[in-house]
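Hello,

Here is the structure I promised to pass on to you. Have a look at it first, and then read my notes below with the model open beside them.

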Amino acid sequence: MMTDYTFYADEELVQLMAADDHTAFTEIYNRYWKRLYVLAYDRLHSRELAEDVVQDVFTGLWQRRSQSVIRSLPAYLATANRYAVFAQLSKSAKVITVEALPESLQAVADETAQLHFLQQSMEQQLKKLPEKCRLVFNYSRNEGLSNREIAAELQISEKAVEKHITKALQRLRVQFRNYFHAIFLC
């Protein structure tokens, strides 16, 4: 008798997929492909590119099925989809020198470069945090988990979760205090 995977929770499907269960992967695909496609299409405005993005997301999910730690399947897939869309946009972007842009767009290009620098600097600062602090901050900010969910996942108190987040934010504030001050003066 064949098992009906439509009644399985996402967490169960992820566990089965990690154990090389193709049917569990197919169920995940059937549950989420349309949502991911709509999100990708909203950004790309191209059916073909949106389909490519969704295909890349699910290919990556299958390829990393045994290495990935997935706490929330919808959040994981949405994040993977967003990165795949950005990758697709950067592939299809034409290279234009900043000087060739009108002045109003040059300012936007400068801001974009500053944001890129800021993002890279922030990632470097976060790498310097203790592992648990970095993990808590990642769950909170990148995966969108609540303090309660993080506490349950890491088997620590909610108070400890708050302290780790506060520590990470304090480090970022200290490191970027001068940078933000310079931005607001411009």
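To get your eye in, here is a small search: in which loop is H45 found? H45 sits in the loop between α2 and α3. H45 is not a glycine, yet it has a positive phi of about 55°. With a relative accessible area of 60%, H45 is exposed.

Before going further, please keep in mind that this is a predicted model.

**The overall picture**

The protein chain has eight helices and zero strands. Followed along the sequence, its pattern reads α-α-α-α-α-α-α-α. Of the 186 residues in the chain, 28% are buried. If you take the contacts with a separation of 6 or more, 55% of them are between residues 24 or more positions apart.

**Helix α1 and the loop after it**

I would start with α1, where D10, L13, V14 and M17 are buried. These four lie on the same side of α1, because they cover an arc of only 100° around the axis. The exposed residues E11 and Q15 are carried on the face of α1 that is turned away from this buried side. As for what covers the buried residues of α1, the list includes α2, α3 and α4.

Just after α1 comes D20, with a positive phi of about 70°. Like H45, which is not a glycine, D20 is not a glycine either. D20 lies in the loop between α1 and α2. D20 is partly exposed, with a relative accessible area of 43%.

**The nonpolar cores**

M17 turns up again in the largest nonpolar core, which has 24 residues. Those touching the most other members are M17, I28, V53, F58, L61, L73 and L77. Two or more residues of this core come from each of α1 (10-18), α2 (22-44), α3 (47-63) and α4. The largest share is that of α2, with eight residues.

What does M17 contact, once its neighbours within four places in sequence are left aside? The partners are A24, F25, I28, L61, W62 and R65. There is also a second, separate core of nine residues, and V136, I150, V161 and I165 are among them.

**A buried asparagine in α4**

N81 is a residue to click on, and it lies in helix α4. Is N81 buried or exposed? N81 is buried, since its relative accessible area is 2% and the cut-off for buried is under 20%. Not counting residues up to four places away in sequence, N81 touches L36, L39, A40, V53, V54 and V57. V53 has already appeared in the largest nonpolar core, among the members that touch the most others.

**Two places on α3**

D52 is found in helix α3. D52 counts as partly exposed, at 41% relative accessibility. D52 and V85 are 33 residues apart in sequence, while their C-alpha atoms are 9.4 Å apart in space.

Q63 also has its place in helix α3. Q63 is exposed, with a relative accessible area of 54%. The C-alpha atoms of Q63 and A18 are separated by 9.8 Å, and these two residues are 45 apart along the chain.

**The largest pocket**

Finally, the pocket. The largest one has a volume of about 760 Å³. It is lined by 21 residues, and the closest to its centre are T79, Y83, E123, N138 and N142. At least two residues of the lining come from each of α4 (73-92), α5 (103-127) and α6 (131-141). Which helix gives the most to this lining? That is α4, with seven residues. By class, nine of the lining residues are nonpolar, six are polar and six are charged.

If you have time for one view only, I suggest showing α4: it gives residues to the largest nonpolar core, holds the buried N81 and gives the most to the lining of the largest pocket.

Happy viewing, and do write back with any questions.

Best wishes

Conventions. Residues numbered from 1 in each chain as written. Predicted model: local features only at pLDDT ≥ 70, side-chain atom pairs only at ≥ 80, totals over all residues. Heavy atoms only, no water. 1 Å grid on protein atoms, 1.4 Å probe; cavity = no way out; pocket = protein on both sides within 12 Å on 5 of 7 lines; lining within 4 Å. Points joined across faces, edges and corners; volume = space filled by probe spheres on them. Nonpolar A, V, L, I, M, F, W, Y, C, P; charged D, E, K, R; others polar. Core = buried A, V, L, I, M, F, W, Y, C linked by side-chain atoms within 4.5 Å. Buried < 20%, exposed > 50% of the residue type's maximum accessible area, 1.4 Å probe, protein only. Contact = heavy atoms within 4.5 Å. Arc of directions from axis to C-beta.
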